[in-house]
Every structure is written in structure tokens, then in C-alpha cells.
Amino acid sequence: MAGAIGIIGAGGWGTALAKLLCGKGDHDVTLWCHGEETFRQIRSQSENVTYLAGIQLPQQLKVTRNLEEGLSGKDLLLFVIPSHWVREVLQGTQKHLAPRTTLVCATKGIEEGSLLTMGEVFLDLYGKKIKKDLAFLSGPSFAEEVGQGLPAAITLAAYHGEVVKGAQGILSTQSFRVYTSLDVIGVQMGGVVKNIIAIAAGISDGLKLGGNARAALMTRGLAEMTRLATRMGADPLTLSGLPGLGDLILTCTGDLSRNRKIGLEIAKGRKIKDILSGMKMVAEGVRNTRSVRELAQKHGVEMPIVEQMCFVLYEGKDPMTAVRDLMQRSLKAELP
């Protein structure tokens, strides 16, 4: 084998990446599962029935519930854990990492309370010395489609060019094209904000407000995403690429988008707690709406769509009232 890869997190995205990389045939791939049921399904059926149904997994894929086994002796580790579980799962695991292991964070989110990006969480957990080996994977990529081997393009960002080029070669396949970037803030923040805008797009579609409204939400959502990311140090061009605009388009319009589906259900009058209780998958947009609003306030950035979504999700505001309030804001130029 050319190298050992560990994938930490066996949700839909982690499982799809495990299948993708195992299929290359030149890596020893281990998938760590938190849940016993998922572990049992993969071991006995070579299928993650709960999170990626209908996708057969390679027999050579190793699966474990032992976190030390999932982390130890790996040349590259992919972290695909929901953002609110990252610190709890990885706390105290630094001792299991091999020297100069490349760490790729594929989690999209902001840590609640601390408002730290996932990059900042990893540096807090593992120390600043791992910064040279840390990378971030983000972009338009439904797990189901990647699991089926359908074409996708995504962006990998790192603090150092040598690391990002090495990981690019490992992660790229004939159907999975990986571009590189050194803008770790832009790549991370695009993947966070787009989920919130997708909930808004789902509400708009559910209320049958039309294509004009959806286009306006997406475009102004991109403006909000770019304002916050650039205030945090990102290159605005990053947000016009795959991790920003590309992911925004997919998540706001695709039928497989969990966040868009939540918006559609809200438009039917359902309460958010009832919607979430019936979902197996994690929809990061709901948790991140409040955190992104707080982050925007911290940086002095105006994000009216995010603000209205916070009112709808957490204060029970009527969606049509939120739409009206967005439309009746004071008039201004499109570009600052």
C-alpha cells in the first residue's frame, strides 16, 4: 500500500470518502464509526444503511469503533465529524497521531459558544505545531453522488503548499477532482454560511415565492458570506469559486440538500424541533445560524438574511414576515 488513511466519522460524507479512497486500490483505508449500529451494518452488509443506503462498500475497507486504531499509524487522517462533536471526540487524542500525519478537516461548522472555526478548534486541541500539517476540504459534493462515483470537484486548502499538493494527489480520483488553495479561512467559511442560506432558499421555494426570489437570496447570501469571510481575512475570490458560490448553488437548489429540506418543511408550518427529531443526518445550518450571527456581530458585519433566519429558527418568527422585513429594508447600492 502507498499509505495508510484514517477516516474519522462514518456519516454519509465520511462513508462516501472511504469508498472513494478505498476504490483507488493503493491505500489502506480505515473508517472509524461512533455508533454501534453503523459499525454492525458495514461489517455485516458492506453498506452504511443508515447514512448512505444503497452504496456497496469495498470488502477491503477496514471498519473500527476503536478511536485509537482509527487514528494511529496513519499518513493522512480525514475528520468528518459534526462540528458540535469535534472537541468531545478528539479531546486527548493527540498522543495517537503519528509524526507529520496530514490532518484534513472535512467538517463544516463553527464551534458553538467559542465561535471558533474548525481550524482554530484543531489548533486548540492539538497545538500550533500541527498547523503545518493541517488542511481543509470543502465544496459542492453530495455524499450520495460521490458514493455513486459521479463526477465532483472540490477545494482543499492548507497553510502550506507542500501539504496541500501532497494531499491533493492522495484525494483525487478520476471522478473526484481536487483543486488547491492557501485560503483556509475562505474555504472554511464558505462551507459554513451556505448551509444557512440553503435553509432560507428552501423556505422561499416552499412558500412558492418563485425563481426570482431564490436567485436574490442566493446572490445576496453570497454577498453576506463574502463580507464575513473577508473581514476574517479571506480572499474574496475564494468565495466566488467552489467552496463559496459552487457549494451555495448546490445546497440551495439540490434535492439532496438537508438544509434546503429543512426550509421546505418550515414553509409548511412545522416547528424546527419536530423537523430535527425526524432526521438521522445532521443539518449543520440550523446549529450554525446562531453562531454565524454572533460571529458577524463580533466582526461588525451586516448579515440580514442570517439574522432573519435566526429569528425564524430560534424565535418562532413567521417566515413570510421575515421575507417582508428583508424586502422592506432601507434601499442602498448593491456593491459597497
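Which helix holds Glu224? Select α9, residues 211-231: Glu224 has its place there. Helices and strands here are DSSP runs, numbered from the N terminus (helices H or I, at least four residues; strands E, at least two).

Before going on, note what is loaded. This is a predicted model, in which local features need pLDDT of at least 70 and side-chain atom pairs count only at pLDDT 80 or more, while totals for chains, interfaces and linings use all residues. Residues are numbered from 1 along each chain as its sequence is written, and side-chain values use heavy atoms, with hydrogens and water left out.

**Stop 1: Glu224**

Stay on Glu224. Its side chain is buried yet has no salt bridge. Buried means under 20% relative accessible area, exposed over 50%, and partly exposed in between (1.4 Å probe, protein chains only). A salt bridge needs a side-chain nitrogen of Lys or Arg within 4 Å of a carboxyl oxygen of Asp or Glu. Show Arg227, the nearest side chain of opposite charge to Glu224, 4.6 Å away. For charge, Lys and Arg count as positive and Asp and Glu as negative; His and the chain ends are not counted.

Now show Ile305. The Glu224 side chain reaches the backbone nitrogen of Ile305 at 2.7 Å. Next, select Glu302, Met303, Pro304, Ile305 and Val306. Glu224 is in contact with these residues (heavy atoms within 4.5 Å), leaving aside its neighbours within four places in sequence.

**Stop 2: the parallel strands**

Move to β1, residues 3-8, and β2, residues 27-32. Six bridges join these two strands, which run parallel. Strands pair if DSSP finds at least two bridges between them. Pick Ile7: its bridge partner in β2 is Leu31. Colour β2 by burial: five of its six residues are buried.

Add helix α1, residues 12-22. β1, α1 and β2 make a right-handed β-α-β unit. Right-handed means that, with the strands pointing away from the viewer, the path from the first strand over the helix to the second runs clockwise.

Now add β3, residues 62-64. It pairs with β2 in the parallel sense, over three bridges. Trp32 stands opposite Thr64 in β3. Trace the chain from β2 through helix α2, residues 36-45, to β3: this β-α-β crossover is right-handed.

**Stop 3: salt bridges**

How many salt bridges does a search of the whole structure find? It finds 19. Begin with Arg87.

Show Glu111 beside it. The side chains of Glu111 and Arg87 meet in a salt bridge at 2.7 Å, N to O. The pair links distant parts of the chain, 24 residues apart: Arg87 is in helix α4 (residues 86-90), and Glu111 is in the loop between β5 (102-105) and α5 (118-126). Glu111 counts as buried because its relative accessibility is 12%. Arg87, at 24%, counts as partly exposed.

Keep Arg87 and add Asp124. Their side chains meet in a salt bridge at 2.9 Å, N to O. Asp124 lies in helix α5, 37 residues apart from Arg87 in helix α4. Asp124 is partly exposed, with a relative accessible area of 49%.

Finish at Arg214 and Asp205. They form a salt bridge, with the closest N and O atoms 3.1 Å apart. Arg214 is partly exposed at 27%, whereas Asp205 is buried at 15%. Add Asp255 and Arg260: Asp205, Arg214, Asp255 and Arg260 are linked in a network of salt bridges.

Note on methods: A polar contact is a pair of N or O atoms within 3.5 Å; within protein, one must be able to donate a hydrogen and the other to accept it, and residues adjacent in sequence count only if both atoms are side-chain atoms.
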